[in-house]
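User: Please take a close look at one part of this model, the network of salt bridges, and follow it outward into the elements around it. A single connected account would be preferred.

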Amino acid sequence: MEFSDALDARFSCRGFRAEEVPDETLAQLFALAQRTPSWCNTQPWQVHLVSGPAIKRFSTELTEHVLAHPQSADLEMPSGYTGVYAERRRESGYGLYEAVGVARDDKLARGAQALLNYTFFGAPHVAVITTDREQGTYGAIDCGGYVATLTHAATSLGLGSIAQAAIAMYSDKVRDFLHLPEDRLVVCAVSLGYVDPEHPANGFRTSRAQVDDVVVHVRD
């Protein structure tokens, strides 16, 4: 697959088939992701890939924790969404709810949809991405680059993926489950597997801003 094709084809998969990805494909995927550039080549990311019986335990324990505890994130969450950022967030949320048949005013169904984050949307694998505490903001930025490479590499290998900041909002439970040392900060998770083409959520796509709205070309 050409790089431009992977960019066009990638989407956030919210419905996976149950079958696991072969080990050799996973090895190829993470070898590709490891080519991500980073600040001074520090490569601050580390990955805990959870599969098999462990992912079922992780999902159960994480969901129970979410229902009983407040959020506790290692990284600072956005302080708000205003202007175009609020518009894009609203468009994305409403588009997803429409795809899965959830009414905008149905708070119960919206809550149930949000909880699917902690079942990893049925994915057979979830990669938890952490950064080194000392590397600060730029370590987290490097991890964002890694996530972008990982998700596009997954697409190029015929896999679905979704980056999930929701997992990082309960970093305390993630740290406990994975026995993470204090020098590791939870950035996000990426659920991985084969796309379920029949799942209604997978027909939904987000829009992108026009290049002219983003790029300011300074010549003089």
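Analyst: In this predicted model, a network of salt bridges links Asp74, Arg133, Arg175 and Glu182. Side chains of opposite charge can pair when their charged atoms come close. One pair within the network is Glu182 with Arg133, whose side chains meet at 3.8 Å, N to O. Because Glu182 lies in the loop between H7 and S4 while Arg133 lies in the loop between S2 and H6, this pair ties together parts that are 49 residues apart in sequence. The two partners differ in cover: Glu182 counts as exposed at 54% relative accessibility, and Arg133 is partly exposed, with a relative accessible area of 41%.

Arg175, another member of the network, is one of the buried residues of helix H7. Helix H7 covers residues 171-178, and six of its eight residues are buried, so the helix is largely enclosed by the rest of the structure. Besides Arg175, the buried residues are Ser171, Lys173, Val174, Phe177 and Leu178. They pack against S1, helix H3 (52-68), S2 and S4. Within H7 there is also a salt bridge between Asp176 and Lys173, at 3.6 Å from N to O. These two residues are three apart in the helix and are therefore separated by about one helical turn. Their cover is unequal, since Asp176 is partly exposed with a relative accessible area of 46%, whereas Lys173 counts as buried at 13%. After the helix comes His179, with a positive phi near 55 degrees.

The loop that holds Arg133 leads from S2 to H6, and both of these elements merit description. Strand S2 (residues 125-132) is mostly covered, with eight of its eight residues buried. S2 runs antiparallel to strand S1 (residues 46-51), to which six bridges join it; there, Val50 stands opposite Val126. S2 also pairs with strand S4 (residues 184-193) in the antiparallel sense, over eight bridges, and Ile129 has Cys188 of S4 as its bridge partner.

On the other side of the Arg133 loop, helix H6 (residues 136-156) has 21 residues and reaches 31 Å from its first C-alpha to its last, close to the 30 Å expected. Its buried residues include Gly139, Asp142, Cys143, Tyr146, Val147 and Leu150. The buried residues of H6 pack against helix H1 (3-9), H2, S1, S2, strand S3 (160-164) and S4. S1, S2 and S4 are thus packing partners of the buried residues of H6 and also of those of H7. Ile141, also found in H6, is partly exposed, with a relative accessible area of 48%. Together with Trp39 and Tyr138, Ile141 forms a nonpolar patch on the surface, with about 340 Å² of accessible area. Gly158 follows H6 and has a positive phi near 80 degrees.

The network belongs to a wider set, as the model holds six salt bridges. Another of them joins Arg17 and Glu19, whose closest N and O atoms are 2.6 Å apart. Arg17 is partly exposed, with a relative accessible area of 35%, and Glu19 likewise counts as partly exposed, at 41% relative accessibility.

How values were computed: Residues numbered from 1 in each chain as written. Predicted model: local features only at pLDDT ≥ 70, side-chain atom pairs only at ≥ 80, totals over all residues. Heavy atoms only, no water. Buried < 20%, exposed > 50% of the residue type's maximum accessible area, 1.4 Å probe, protein only. Helix = DSSP H or I, 4+ residues; strand = E, 2+ residues; numbered from the N terminus. Pairing = 2+ DSSP bridges. Expected span 1.5 Å × (residues − 1). Contact = heavy atoms within 4.5 Å. Patch = residues over 30% accessible without salt bridge, like charges linked within 9 Å, V, L, I, M, F, W, Y side chains within 5 Å. Areas by Shrake-Rupley, 256 points an atom, 1.4 Å probe, with all protein chains shown as cover. Salt bridge = Lys/Arg side-chain N within 4 Å of Asp/Glu carboxyl O.
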